[in-house]
Amino acid sequence: MDSLPSLLDGLSITLILTFISLAVGFVIGVTLALGRVYGNKIISGVCIGYIEVIRGTPLLVQLFILYFGLPAIGIVLTPLSAALLGLSLNSGAYQAEYLRGSLQSIPSGQMVAARTLGMNKLQSIQNIILPQALRISIPAWSNELIYLLKYTSIAYIIQVRELTAEGKFIAAETFRFIEIFVIIAIIYLVLTVLFTAIIDKIEKRLSIPGIGVGKSIGLRNA
Amino acid sequence: MHMLEVKDVHKSYGDLEVLKGISFTMEKGETKVIIGTSGTGKSTLLRCINQLDSPDKGKVWLDGEEITNPATDINKIRQKIGFVFQEFNLFNHLTALRNVSIGLEKVKGMDKEKAQERAMAELTRVGLKEQVQQYPAQLSGGQKQRVGIARALAMDPMVILFDEPTSALDPELIGDVLDVMKTLAGEISMLVVTHEMGFARNVANEIIFMEGGIIVESGPPKQMFQHPEKARTKEFLGKISTLYGKE
C-alpha cells in the first residue's frame, strides 16, 4: 500500500506531539501544583487561575487562539508549534491537578518530620514530599498519556499533518474511508495498549510497600 | 548557662490558651518526663521548643542561643533538637536505613556512604540490624518507633524531645521502645512526654506535672510519687498508677 509512508509520517508527528506535550506539561504541572499547594496567596491564586482557565475552555478554542489569534498581535506560529504549545499548556493544567491531589494526600507528619530534621521547606518537598506524590500520580499520568495521544488528533484542525490528518487526505484521494479510518483507529488502539503496559511496568518497578495503595485520583473526563 | 531554658512560654490557638507561662530548665544528660492529662499542652510545649509552633510570648534558649529570636536560623537549631513522634512519621518511601541517613546527607552534607554507615550503627544500637532494608509499611509499630529514635540519634542532637512515643503502640511492643530509651538515659538529654509511670519513676531525673497550661509541680520521681506537695499531683499520680500499673 503506497499510503503507508505518509501514515508513518503522520504517526511520527502524533508521537512527537504526545510526548513533548506530556514532558513540557509535566514541568508546567509540577510547578503549578507546588505553587498551588505550597505557594503564598498570590502564587497560589495565579496557579489556580491558570488551571481554571485552561480546564474551563475547550482545547480546540485554545488552539484557535494560539494559531489564528496570536498573529493579530504579531506572533505567528507554525501549525506544529502552535499545537505543541497548546497541548503542553493544556496538559500542564491537568497534570497539576493530578499532582495536587497526590500532594494533598501525603500525611502532614511527613513534612513535619522533615522540617524537624532541619530540612528547609524546599528540601523537604524535594526529598520527602515529591518522591511520594509523584509515585502516587503514576496511574493518573498513564491516563494523561492516553488522553494526549488521542487529543493530538485535534491538531488536524489547525493544519498539523498528524496521523488523523494523513488518514483524511488518503481517504479523500482514494475514497476508502472505512479501511483507512479503521487502520487509523487500530494504530491508536495498539499504541494505547502498549503505553498502558509500559507504564504499568514502570509503576510496578517504582512501587514501594505502603505507598499509593488504594489511593484514587480524579481523572480527566474524556 | 543551661543546656535548655524555657522561660514564660505562652501559646494560644484562637481563644484557647493552651500554655499559660511555662518555665523550666534542663542540663546536659538529664532525662525529664512531662506528665499530665490529655489536652493540657504537653505536646504543644514540645512543639514550641523546636518552633514547629512559635510561642506567642516567652523565650527558649538552647545552649545559650535564643531559638525564639526570629533572626535565628531555625533549620540549624532543629538539627540539634531531635524529635520522636507519637505517630512515628517515618518517611514512607524510604527504607529504615535511608530514613536515618537522609538527614545526615541532605542536612549535614555527609556523603552517602558515611551517612549510611552511621545510620547502620544507630539502627544496630536500637536493635534493628536485620530490618535496615525494610520500608516503614513492613515494620511493626515498635520497630517503626525505634527507627524514629535512630533517626533522631543519628543527627547528634543536644536533646531529644519525645512526644508520647509509646501511645500509639500495642502494649506488648511498648517494652522494646522503652528499653531503648532507658539505654539512652544519661548519655543523651531527653525530654519525654509520656504516661508510662514506670519509665518516669525509674529513668527520669525529674518529673514535671502539667495541668491547664501551667506546671503544677515538678521534682525528682521519689518526691513526686511519695511526698507530692500539691493535692492535685497526688490525685493524678494515684489515678494514673492504678491505670498503668505501679512498677
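Biologist: Which strands of chain B form a hairpin, and how many residues lie between them?

Modeller: Helices (H or I, at least four residues) and strands (E, at least two) are DSSP runs, numbered from the N terminus. Two strands count as paired if DSSP finds at least two bridges between them. Here β1(B) and β2(B) make the hairpin, with 2 residues between them. In the turn, G14(B) has a positive phi of about 60 degrees. Strand β1 (residues 4–13) and strand β2 (residues 16–26) of chain B pair in the antiparallel sense over 8 bridges. To trace one bridge, start at K11(B) and look for its partner L19(B) in β2(B).

Biologist: Before we go on, what kind of model is this?

Modeller: This is a predicted model, in which local features need pLDDT of at least 70 and side-chain atom pairs count only at pLDDT 80 or more, while totals for chains, interfaces and linings use all residues. Residues are numbered from 1 along each chain as its sequence is written, chains are lettered from A and ligands numbered from 1 in the order in which they are written, and side-chain values use heavy atoms, with hydrogens and water left out.

Biologist: Back to the strands: what is the order of the open sheet in chain B?

Modeller: Strands of a sheet pair through backbone hydrogen bonds, either parallel or antiparallel. In chain B, 4 strands with antiparallel pairing follow the order β2-β1-β4-β5. β2 and β5 (65–66) of chain B stand at the edges with a single partner strand each, so one side of each has no neighbour in the sheet. Further in, β1(B) pairs with strand β4 (residues 57–62) of chain B over 5 antiparallel bridges, and E5(B) has W61(B) in β4(B) as its bridge partner. β4(B) and β5(B) are joined by 2 antiparallel bridges, where W61(B) is matched with E66(B).

Biologist: Is helix α1 of chain B mostly covered or mostly open?

Modeller: Buried means under 20% relative accessible area, exposed over 50%, and partly exposed in between (1.4 Å probe, protein chains only). Helix α1 (residues 42–49) of chain B is mostly covered, with 6 of its 8 residues buried; among them are L45(B), C48(B) and I49(B).

Biologist: What follows α1(B), and why does Q51(B) count as buried?

Modeller: Q51(B) follows α1(B), with a positive phi near 65 degrees. This residue lies in the loop between α1 and β4 of chain B. Q51(B) counts as buried because its relative accessibility is 14%. Contact means heavy atoms within 4.5 Å. Setting aside residues up to four places away in sequence, Q51(B) touches I67(B), T68(B), I74(B) and R78(B).

Biologist: How many residues does the largest nonpolar core have?

Modeller: A nonpolar core is a set of buried Ala, Val, Leu, Ile, Met, Phe, Trp, Tyr and Cys residues joined through side-chain atoms within 4.5 Å. The largest one here has 135 residues, and I49(B) and F24(B) are among those with the most contacts inside it. Its largest share, 11 residues, comes from helix α6 (residues 121–151) of chain A. Beyond its neighbours within four places in sequence, I49(B) is in contact with several residues, including L4(B), V60(B) and L191(B).

Biologist: And chain A: how many helices and strands does its secondary structure come to?

Modeller: Chain A has 8 helices and 0 strands. Of its 222 residues, 45% count as buried. Along its principal axes, the C-alpha trace of chain A spans about 70 × 45 × 25 Å.
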